[in-house]
Amino acid sequence: MRVAILGAGSLGTIVGAYLSAGGVDVELIDTYEAHVNALNQTGAKVVGTTEFAAPVKAVTPDHKSGQYDLVLLLTKQLYNDSVLQELLSFLHEESVVCSLQNGIPEQNVAAIVGEHRVIAGSVEFGATFMEPGISKLTTEYTQFKNYAFQIGELNGEMTERIQRIQSVLELVGGTHISDNLVGTKWSKLLINNAFSGLSAALNGEYGDILDHETAITSAVHIADETIKAGHAAGVTFAKMGGFDIASLEVHSEKDIPERIQTFRMVMEPSRLLKASMLQDLEKKRKTEIEYINGVVPRIAAVHGIPTPFNDKVVQLVQAAEQSQTVPDFNTNIQAFAKLLHMQKVM
């Protein structure tokens, strides 16, 4: 099987290292030329909660060649239209494009490459790009090896090809097949909304959110808004790592302390993670906030569901984008403190 990792950044570097070490014919594709050069010269290096390195083959997008049997899509949704159009000539009829992007991009991907070619997935581990050729694994290593990916067919069927792809991705870490892809993507969206969104809006690692009472309480409200919007849209949230994501819904104020305690337990292995959107702000790049926290208000509005906490995350991240600055934790946390005060008054 010939595999392409399209978007070999922090996550793709780690995936590429383990696939290459496992004997897979894999090509890492990225626009960052210095990174591509480092990967070819010194290999892909993984640091953080483990130490690992492997020689890899890397190219820039204009040097793609031949045809790929499997494409792991790890680019940002911002660039899907152009990236996927350029990919078409490198696909054959049986090629598979596995979307491992944040958010819920499958409909757009299928519209370009063909629905029959698309499977979807969820990355269950975190990483931070350190420098060309080097990526930091921020998820605890045992957790990473047990739950690296969830993948599945769009219609939920158990097929031969999904099992083949599972066997390939198992070289990286635990890969679980889901028969509820919509629920899987929404569950991942919830975690991204509550923690990646706040990480970017506040400028902190996940641990900073877990340790701050206002931040973690806001994460609970963000999750609750996401669950209510999903349920209104007919979504059945899938379990993640055996955990029932839908159990985080808040039915009354009395539920909040227990939800905080649950979040602190479930997210502890990811406390070192810094959201890729925050890394984008640090580099003065546009983020995927519209495809993450921005999804919930658009869907919720149709059903008359208020989403003040997701709205605030979007507002703060977009303000940082426009000013090309990184948020100040102590300043922006006050915006969420005001929201929590308003919730109590109401």
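In this predicted model, four strands make up an open sheet, and their order is β4-β3-β10-β9. The pairing within this sheet is mixed. Its edges are β4, at residues 52-54, and β9, at residues 127-131, each of which pairs on one side only. From one strand to the next, the twist averages 25°.

Allow me to turn to one pair in this sheet. Strand β3, covering residues 44-48, joins β4 over three bridges in the antiparallel sense. Within this pair, K45 stands opposite A53 of β4.

Which helix packs on this sheet? It is α1, residues 10-21, and the strands that α1 touches are β3, β4, β9 and β10, the last of these at residues 134-137. The direction of α1 makes about 115° with that of β3.

I come now to another sheet. Eight strands form it, again open and with mixed pairing, in the order β5-β2-β1-β6-β7-β8-β11-β12. Here the edge strands are β5, at residues 57-59, and β12, at residues 175-177; each has pairing on one side only. The twist in this sheet averages 25° between one strand and the next.

How do β1 and β2 run, parallel or antiparallel? They run parallel, with five bridges joining β1, residues 2-6, to β2, residues 25-29. In this pair, R2 is placed opposite D25 of β2.

Finally, a helix belongs in this picture as well. Helix α3, residues 80-87, lies across three strands: β1, β6 at residues 68-73, and β7 at residues 91-99. With respect to β6, helix α3 runs at about 170°.

Terms used:
Residues are numbered from 1 along each chain as its sequence is written. This is a predicted model: local features need pLDDT of at least 70, side-chain atom pairs count only at pLDDT 80 or more; totals for chains, interfaces and linings use all residues. Side-chain values use heavy atoms; hydrogens and water are left out. Two strands pair if DSSP finds at least two bridges between them. Helices (H or I, at least four residues) and strands (E, at least two) are DSSP runs, numbered from the N terminus. Axes are lines fitted to C-alpha atoms, for helices over the stretch in contact, and angles run from 0 to 180 degrees between N-to-C directions. Contact means heavy atoms within 4.5 Å.
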